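Please open the model in your viewer and keep the sequence panel beside it. The tour below moves from one selection to the next and says what is to be found at each stop.

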Amino acid sequence: MCGKFQVQPIGDEGYFPDGFADWLRRHPEVRAEILPSQPAPVLTAQGLLALRFGVKTSFTKRLLINARSETAASSPLFGPRLKTGRCLAVATAFYEWSADKKPHLFALPGGRLLYMAGLMFEAGEQPGFVILTREAEGIARAVHPRMPLILGSQELREAWLRQDRLAESLLHFPAEALHPALIAGYVG
């Protein structure tokens, strides 16, 4: 499950789209590698925000960082967030660890930004978000059984952020309908 991700250009041709590099310069608290409890770029219907990766709940000692997309709608914790707190964590790559604890980095071809479906929690002293995960597909499946729910097109991202009726159905779309195939590398 996604527990660490990057916000930095990948490879020689990696770049940020217009405006994103400026946003990052205005938010020095957002680091190149995002771990739980750290601020991260999160796209909402109102624009980009810097929110903490993870939320504190009364029933866990550690921060909650992921939610299963398959059961989010029926969850007492996540179901209400599907109506009022949808967001997209913005990244250039995410990590998954294999069974032998080796990190693997996954990205979209061409260094394009990844938009991982998430849920915001604005209550409490530090607003945060969790990333929705799904059963792993393609090359990610060989490393880990879960991966983030990635929304590859502008239309899917707009539907997630602004279309209440469509948002829940996106949780069940096949991966090939959501984003292009991922590329991966062993980090070591």
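A residue is called buried when its relative accessible area is under 20%, exposed when that area is over 50%, and partly exposed in between. Keep in mind throughout that this is a predicted model.

**First selection: P17**

Select P17, which sits in the loop between β1 (5-6) and α1 (20-26). Its relative accessible area is 33%, so P17 is partly exposed, since that value falls between the 20% and 50% limits. Now add L113 to the selection: P17 and L113 are 96 residues apart along the chain, yet their C-alpha atoms are separated by 8.4 Å.

**Whole chain**

Zoom out to the whole protein, whose secondary structure comes to five helices and twelve strands. The radius of gyration is 15 Å, close to the 16 Å that the globule rule gives for 188 residues, so the protein is as compact as a globular protein of that length. Along the principal axes, the C-alpha atoms fill a box of roughly 40 × 35 × 35 Å. If you colour by accessibility, 48% of the 188 residues count as buried, and of an accessible surface of about 9,600 Å², 54% belongs to carbon and sulfur atoms. Among contacts with a separation of 6 or more, 64% are accounted for by residues 24 or more positions apart.

**The nonpolar core**

Next, show the side chains of F5, F94, M116, F129, L132 and W160, which touch the most other members of the largest nonpolar core, a set of 56 residues. At least two residues of this core come from each of α1, β3, β4, β6, β9 (114-121), β10 (128-135), α3 (154-162) and α4 (164-170). Which of these elements gives the most to the core? Select β9 to see the answer, as this strand supplies seven residues.

**Strands β3, β4 and β6**

Move on to strand β3 (residues 39-44) and strand β4 (residues 47-53), which run antiparallel and are joined by six bridges. A hairpin connects β3 to β4 through two residues. To find one of the pairings in the viewer, select A40, whose bridge partner in β4 is L51. Strand β3 also pairs with strand β6 (residues 86-91), again in the antiparallel sense, over two bridges; here L43 has L88 of β6 as its bridge partner. While the side chains of these strands are displayed, a general point is useful for reading the view: in a regular strand the side chains alternate between the two faces of the sheet.

**Two loop residues: S98 and Q126**

Select S98, placed in the loop between β7 (93-97) and β8 (103-107). Is this residue buried or exposed? S98 counts as buried, because its relative accessibility is 14%, which is under the 20% limit. The side chain of S98 makes a polar contact with the side chain of D100, at 2.3 Å. Leaving aside neighbours within four places in sequence, S98 is in contact with H104 and V143, so both can usefully be added to the display.

Finally, select Q126, which lies in the loop between β9 and β10. Q126 counts as partly exposed because its relative accessibility is 43%. Add A45 to end the tour: Q126 and A45 are 81 residues apart along the chain, and their C-alpha atoms are separated by 20 Å.

Note on methods:
Residues numbered from 1 in each chain as written. Predicted model: local features only at pLDDT ≥ 70, side-chain atom pairs only at ≥ 80, totals over all residues. Heavy atoms only, no water. Pairing = 2+ DSSP bridges. Helix = DSSP H or I, 4+ residues; strand = E, 2+ residues; numbered from the N terminus. Buried < 20%, exposed > 50% of the residue type's maximum accessible area, 1.4 Å probe, protein only. Polar contact = N/O pair within 3.5 Å; in protein donor to acceptor, adjacent residues only side chain to side chain. Contact = heavy atoms within 4.5 Å. Rg over C-alpha atoms; globule rule 2.2 N^0.38 Å. Areas by Shrake-Rupley, 256 points an atom, 1.4 Å probe, with all protein chains shown as cover. Core = buried A, V, L, I, M, F, W, Y, C linked by side-chain atoms within 4.5 Å.
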